[in-house]
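The following exercises are to be worked with the sequence and the coordinates at hand. Each task is followed by a solution that goes step by step.

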Amino acid sequence: MSELVISSLSISRAELPVVTGLDARVESGSISVVLGANGAGKTTLLEGLSGVIPVSGGVVSIDGREIQKARPGQRSREGLAHVEQGRTIFSQLTTEENLRVALRDGSGLSEAYALFPELLQRRSVRAGLLSGGEQQMLVIARALLTRPKVLMIDEMSAGLAPVIVSRLMAAVRRLADTGLAVLLVEQFAALALSIGDRAYVMRRGRVVYDGDCPSLLRAPDELHRLYLGG
Ligand SMILES: Nc1ncnc2c1ncn2[C@@H]1O[C@H](COP(=O)(O)OP(=O)(O)OP(=O)(O)O)[C@@H](O)[C@H]1O
């Protein structure tokens, strides 16, 4: 059982506190969903966890090993993968070349193609020519090739058609069911809650809801109130 544990985490940007005293956890085989209005601090949270930006206080551990001071590469070797917002691909390289960049031990391509057969069909196509949905599959598949214990995905649905979003959500659920711990930051609250286990709602850098996804899904008024405050 792998577990990401976040305790009293604080992160500042331009010397202003953006995440304050945040506690959360993600267990192997489960999806923790992070929701919140624009500017709540969701992306900052993931960037602090993966080491893109430094944290100013608190503890982050994977299976009891503290990583909050480690360099990004070390955090990756400890089992943390971060799929950033914006689908960062090498657009001049083919789909398969993009995947090969991330191969650690030479294996894993067939698993990536099994998860997303669309990528196998498009393996020789330049990644810049893939659809938005295919590019999102590519960045998730690339992250998986590092064989993470914890996969963090930021706004994978942005700009995609609902049918593609559902396809991606189902794939993420399957990944969790095979034992991965998933931390999913999403704007599409209802869809994310429908595949998630635990939900956190952030407002102004703090957690204002920590509970199970089905309960929040059944209480849209509560979700609305949590987003807007009051
Ligand atoms: N590079 C930066 N420098 C300074 N402040 C930043 C920077 N990036 C974000 N912020 C600020 O940090 C706060 C949180 O932003 P963040 O992007 O983490 O929120 P978010 O919840 O992910 O929002 P969104 O859903 O819009 O992506 C905002 O007030 C934002 O203006």
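**Exercise 1. Determine the strand order of the open four-stranded sheet, and state which strands stand at its edges.**

Solution. In this predicted model, the open sheet has the order S2-S1-S4-S5 with antiparallel pairing, where strands are DSSP runs of E with at least two residues, helices are runs of H or I with at least four, and both are numbered from the N terminus. Two strands count as paired if DSSP finds at least two bridges between them. Strand S2 (16–27) and strand S5 (65–66) are the edge strands, each with a single partner strand, so one side of each has no neighbour in the sheet. Between strand S1 (residues 3–13) and S2 there are eight bridges, in the antiparallel sense, and Ser 12 is found opposite Pro 17 in S2.

Before going on, the conventions should be noted. Residues are numbered from 1 along each chain as its sequence is written. Because the model is predicted, local features need pLDDT of at least 70 and side-chain atom pairs count only at pLDDT 80 or more, whereas totals for chains, interfaces and linings use all residues.

**Exercise 2. Establish how strand S8 is paired, and whether its residues are buried or exposed.**

Solution. Begin with burial, for which a residue is buried if 20 or more other C-beta atoms lie within 10 Å of its own, exposed if 12 or fewer, and partly exposed in between, with C-beta atoms placed from the backbone. Five of the five residues of strand S8 (residues 181–185) are buried, so S8 is largely enclosed by the rest of the structure. Ala 181, Leu 183 and Val 185 point one way from S8, while Val 182 and Leu 184 point the other way.

Next, take the partners. Strand S3 (residues 31–36) runs parallel to S8 and is joined to S8 by four bridges, with Val 34 opposite Val 185. Strand S7 (residues 150–154) is also parallel to S8, through five bridges, and Ile 153 stands opposite Leu 184.

Finally, follow S7 to S6, since S6 and S7 pair in the parallel sense over four bridges, with Leu 80 opposite Val 150 in S7. Strand S6 (residues 80–83) is covered on both faces, with Leu 80 and His 82 buried on one side and Ala 81 and Val 83 buried on the other.

**Exercise 3. Identify which residues touch the most other members of the largest nonpolar core.**

Solution. A nonpolar core is a set of buried Ala, Val, Leu, Ile, Met, Phe, Trp, Tyr and Cys residues joined through C-beta atoms within 7 Å. The largest such core holds 68 residues, of which Ala 141, Val 172, Val 182 and Leu 184 touch the most other members. Helix H6 (residues 132–144) gives the most to this core, with seven residues. Leaving aside residues up to four places away in sequence, Val 172 touches Ile 31, Ile 153, Val 182, Leu 184 and Ile 195, contact being defined by C-beta atoms, placed from the backbone, within 7 Å.

**Exercise 4. Find which helix gives the most to the shell around the ligand.**

Solution. The surrounding residues, among them Arg 13, Val 18, Asn 38, Lys 42 and Thr 43, are those whose C-beta atom, placed from the backbone, lies within 6 Å of the ligand. Helix H1 (residues 42–50) gives the most to this shell, with three residues.

Note on methods: Contact = placed C-beta atoms within 7 Å.
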